[in-house]
Amino acid sequence: MSDATAIFARQRAKADPAEIALAMKAAAIGHRALARASAHDASLRDEGLGDIIAAVEREARALGAEEIYIAAAPDLARECRFKRIEGEASLGKAFALRASVAYKGTWIRLVRTFQRDGTTMPGEEAAARFAAAVAQLPSTNGFDAFSSWLVEGCRISQPLESLMGSRIAESKPVAPRSLVSVQACMAIDGRPLLLGAPALLGGRGEAASLLVHPVS
């Protein structure tokens, strides 16, 4: 008997058209659901974090998500670490949500940052920097200017396994044409901004591409 883990991982890593389509659907659901957390939504501007999370989850399930799990960084001026929220938590001027969304067995993760007072987040600059870094994967050189970053994917059976990142001691290989979810933290005008989106890695010599716009 021999260990076939490496062989299975190579075969499992490359996404087929059906898996790509499912991931794109899951990403669209998550993107639309997280839009409910926007501080521009007057119905939520004066609500607590628990109410905002409930609205995001409700929207995702209405759109067909099988599962959605929300983690939050309630006050980015204090801490950028995500955690599951139990009960109520006070919001700072900027907060971030991370949505793990499943659609027909395919999981993706998205991260968005929101301004509590309704002012506009720096959108296109952050999106361009993030997309440029993702495009270089599996090379990690594009993330050198980020304070932290993480790439997750399905290497064998776990849908969102940590593969490489700023806090991963031993990186796992990321194969061409594989689906991954990427999240990162950067500073814009001295303020922390967290964002993340799923991506499809290119074949040899091809750039990776995001499945959904990385900011709301």
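Is Asp 189 buried or exposed? Asp 189 is exposed, because its relative accessible area is 70%, and exposed here means over 50%, buried means under 20%, and partly exposed is in between (1.4 Å probe, protein chains only).

Before going further, a word on the model. It is predicted, so local features need pLDDT of at least 70 and side-chain atom pairs count only at pLDDT 80 or more, while totals for chains, interfaces and linings use all residues. Residues are numbered from 1 along each chain as its sequence is written, and side-chain values use heavy atoms, with hydrogens and water left out.

**The overall layout**

The chain has 4 helices and 8 strands; helices (H or I, at least four residues) and strands (E, at least two) are DSSP runs, numbered from the N terminus. Following the sequence, you meet them in the order α-α-α-β-β-β-α-β-β-β-β-β. The chain holds 216 residues, and 48% of them are buried. Now take the contacts (heavy atoms within 4.5 Å) between residues at least 6 apart in sequence: 58% of these join residues at least 24 apart.

**Helix α2 and the cores**

Helix α2 covers residues 17–34, which makes 18 residues. From first C-alpha to last it reaches 26 Å, close to the expected 26 Å at 1.5 Å a residue; the expected span is 1.5 Å times one less than the number of residues. Among the buried residues of α2 are Ile 20, Ala 23, Ile 29 and Leu 34, and Glu 19 and Gly 30 are also included.

In soluble globular proteins, nonpolar side chains tend to be buried together. A nonpolar core is a set of buried Ala, Val, Leu, Ile, Met, Phe, Trp, Tyr and Cys residues joined through side-chain atoms within 4.5 Å. The largest one has 56 residues, and Leu 97 and Phe 143 touch the most other members. Helix α2 supplies the largest share of this core, with 7 residues. A second, separate core has 9 residues, including Ala 71, Phe 82, Val 111 and Cys 185.

**Rings and a charge**

Phe 143 also belongs to a cluster, linked by ring pairs to Phe 146 and Trp 149. Rings of Phe, Tyr and Trp (its six-membered ring) pair if their centres lie within 6.5 Å; planes under 30 degrees apart count as stacked, over 60 as edge-to-face and the rest as tilted. The count by this rule is 4 aromatic pairs. Phe 146 has another partner: the charged end of Arg 129 sits over its ring, 6.0 Å from the centre. For that, NZ of Lys or CZ of Arg must be within 6 Å of the ring centre and within 35 degrees of the ring normal.

**Cysteines**

A disulfide is a covalent bond between the sulfur atoms of two cysteines. How many disulfides are there here? The count is 0, using a cut-off of 2.5 Å between cysteine sulfur atoms. The closest cysteine sulfur to that of Cys 80 is in Cys 185, and at 4.3 Å it is too far for a bond. Cys 80 is partly exposed, with a relative accessible area of 30%, whereas Cys 154 counts as buried at 18%.

**Two buried residues and their contacts**

Ala 127 is in helix α4 (residues 124–135) and counts as buried because its relative accessibility is 6%. Leaving aside neighbours within four places in sequence, Ala 127 is in contact with His 213, Pro 214 and Val 215. Ala 127 and His 213 are 86 residues apart in sequence, yet their C-alpha atoms are 7.4 Å apart in space.

Val 174 lies in the loop between β5 and β6 and is buried, with a relative accessible area of 12%. With the same neighbours left aside, Val 174 is in contact with Pro 138, Leu 163, Met 164, Val 180 and Leu 201. Pro 138 sits in the loop between α4 and β4 (148–153), and the peptide bond from Leu 137 to Pro 138 is cis, with omega near 10 degrees.

**Positive phi values**

The table lists two residues that are not glycine but have a positive phi.

| Residue | Phi | Loop |
|---|---|---|
| Arg 177 | about 70 degrees | between β5 (161–165) and β6 (179–188) |
| Asp 189 | near 55 degrees | between β6 and β7 (191–200) |

Arg 177 counts as partly exposed, at 31% relative accessibility, and Asp 189, from the opening question, is exposed at 70%.
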